[in-house]
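Student: Can we go through the empty space in this model, then the core? Short answers are fine.

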Amino acid sequence: MSAALQMGIIVGYLLVALGVGLVAYRVTERTAEDYYLASRTFGTVVLLFTVFATLLSAFTFFGGPDNAYALGPEWILVMGLMDGIIFALLWYVVGYKQWLLGQRNGYITLGEMLGDRFASRRLRGLIAAVSLFWLFPYVMLQQIGAGAAIAGLTGDAVPFWVGASLITTFMIIYVVLAGIRGIAWTDTLQGMFMLSMVWLALAWVLLSVDGGITTINAGLQANAPEFFALGGGAYTPQFMLTFAISIAFGVAMFPQINQRFFAASSETVLKRSFALWPVLVLVLFVPAFLLGTWAAGLGIEANVAAGESVLPIVLAEYTPTWFAALVIAGAIAAMMSSSDSMLLSGSSYFTRDIYRPFVNERLSPRAEDRLGRIGVVVFAVAALLTSIWAEAGGIGAATVGSLLIDIGDLAFSGFAQLTGPVLLALYWRGTTRAGMYAGVLVPQVVYIAFNFLPETLVGGVPLFAESYFGWGLSLYAMLLGLAITIAVSIVTARAPGEKPDLTFDLESE
């Protein structure tokens, strides 16, 4: 009954998303700007919730509570507070300047903006290529997660490939039809729904436990007393800062997030949205991660290392079947809300920054709109087929699957390597084209090499490690990218056609 109910809710959500797509299609103009940015018309509520829902993924509802269960409640501080505040600041520092430039020059992608700033189509293509490299496996991970969830819900009555294909097919249909407008409308409804459900879940569990919070705290004191000491166990300052900074800086460069900086209808909308962002993040993460923390005090036995998540077990134990089904199905829908935005942004990066400048510069707006919709289909099908192949155990699939999971886990920090050079390009006149090439390429190569090269010991010390002196490798790579952009820019001349004044003396209109 539970599996059938959950499948019914998932299919119901898919049909709602499709209906929203059909409505959005009727009001969508056949231009790339409208398809990718809704003609820059987002108000505060839609902009805030489309960013919010796009960042919701399986991690928020499964990985986050699991980490809080295993490591303690400080996970709320790492994700809810640090990332909420840091990303809000980046939303202003990066997003506001991007919005001003987008209003003036009609930019749709980050690569387009930087390519114009430095008069370089190759730089434009490089930004797109790096972004697509990290984005593709991340889309795959969402598809793998959705397919596995549906297979698990139905006891494998619905095979992995059928579940993943079903969700991908629906996403293709409504993304192709609706573009960003339909996605944003769906995101807004879903974000509000999930906020309500996660707080209801917290209250339901609390009221269902005999003795309430007193019983939970007594269980925590007995099972995990270190949870009551701030910064215990794995929560060193270096760990928390590395994680929070890498995630927040990576989110700012995620194509599906960064592109939304261009979509605000006004300066007021943009500023109001980033001011409200930390509040919205805390309102979601506090109850979700508290449920994970409480599980440690409730005697919940969850083998997280083997892939069993805490949240479904807690909900199954303390809430009715229909309610647990609603929350878990909503979590799967949250995974889909991330994937659909990734598909759209991936298509725009390929169409705008690779196909148009390198294949056909005279592409008309209508033809570009059509190509963008085709790009969504190609991107989604390619990711789906690779996911099915890897999951099915084809030739080399185990190795490929493991590699893709590693890349997906590293994606946030991979995107974060772009933030330093982009900030310099936006705020420092002295940044040169050569400096940008070096600042983008070198930290990417270093970061990938250190994470994927085999372990090598020098004097008994690992040459390639994930952290040094407690600080994560991603921070060192980010600092390297910042330093090398400055150094190379200082010693190189400005290339012909560069526009250093493009990013300065901008007045809001």
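**Cavity, pocket and core**

Tutor: Starting with the largest cavity of this predicted model: helix H2 (32–37) and H14 each supply at least two residues of its lining.

Student: Which residues line the largest cavity?

Tutor: The lining of the largest cavity is made of Tyr36, Leu37, Phe42, Ile180, Gln259, Arg260, Ala263, Leu344 and Ser345. By class, six are nonpolar, two polar and one charged.

Student: What volume does the largest cavity have?

Tutor: About 40 Å³. A search of the whole structure turns up one cavity of 30 Å³ or more.

Student: OK, pockets. How much space lies in the second largest pocket?

Tutor: The second largest pocket holds about 170 Å³ of space. Helix H1 (2–27), helix H8 (160–208) and helix H14 (321–358) are the elements that give two or more residues to its lining.

Student: How many residues of that lining are nonpolar, polar or charged?

Tutor: Eight are nonpolar, four are polar and none is charged. The lining residues include Tyr13, Phe193, Gln190 and Gly330.

Student: Switching to the core. Which residues have the most contacts inside the largest nonpolar core?

Tutor: Phe87, Trp91, Leu114 and Trp277, in a core of 123 residues. Helix H5 (residues 74–105) contributes the largest share of this core, 15 residues.

Student: And what does Leu114 touch, not counting residues up to four places away in sequence?

Tutor: Leu114 touches Leu123, Ile127, Val422, Ala425 and Met436 on that count. Another core, of 28 residues, lies apart from the largest one; among its members are Ala224, Ala295, Ile300 and Leu311.

Key. Residues are numbered from 1 along each chain as its sequence is written. This is a predicted model: local features need pLDDT of at least 70, side-chain atom pairs count only at pLDDT 80 or more; totals for chains, interfaces and linings use all residues. Side-chain values use heavy atoms; hydrogens and water are left out. On a 1 Å grid over the protein atoms alone, a cavity is a set of points where a 1.4 Å probe fits but cannot get out, and a pocket is an open set with protein on both sides within 12 Å along at least five of seven lines; lining residues have an atom within 4 Å of a point. Grid points are joined across faces, edges and corners, and a volume is the space filled by probe spheres set on the points. Helices (H or I, at least four residues) and strands (E, at least two) are DSSP runs, numbered from the N terminus. Ala, Val, Leu, Ile, Met, Phe, Trp, Tyr, Cys and Pro count as nonpolar, Asp, Glu, Lys and Arg as charged, and the others, Gly among them, as polar. A nonpolar core is a set of buried Ala, Val, Leu, Ile, Met, Phe, Trp, Tyr and Cys residues joined through side-chain atoms within 4.5 Å. Buried means under 20% relative accessible area, exposed over 50%, partly exposed in between (1.4 Å probe, protein chains only). Contact means heavy atoms within 4.5 Å.
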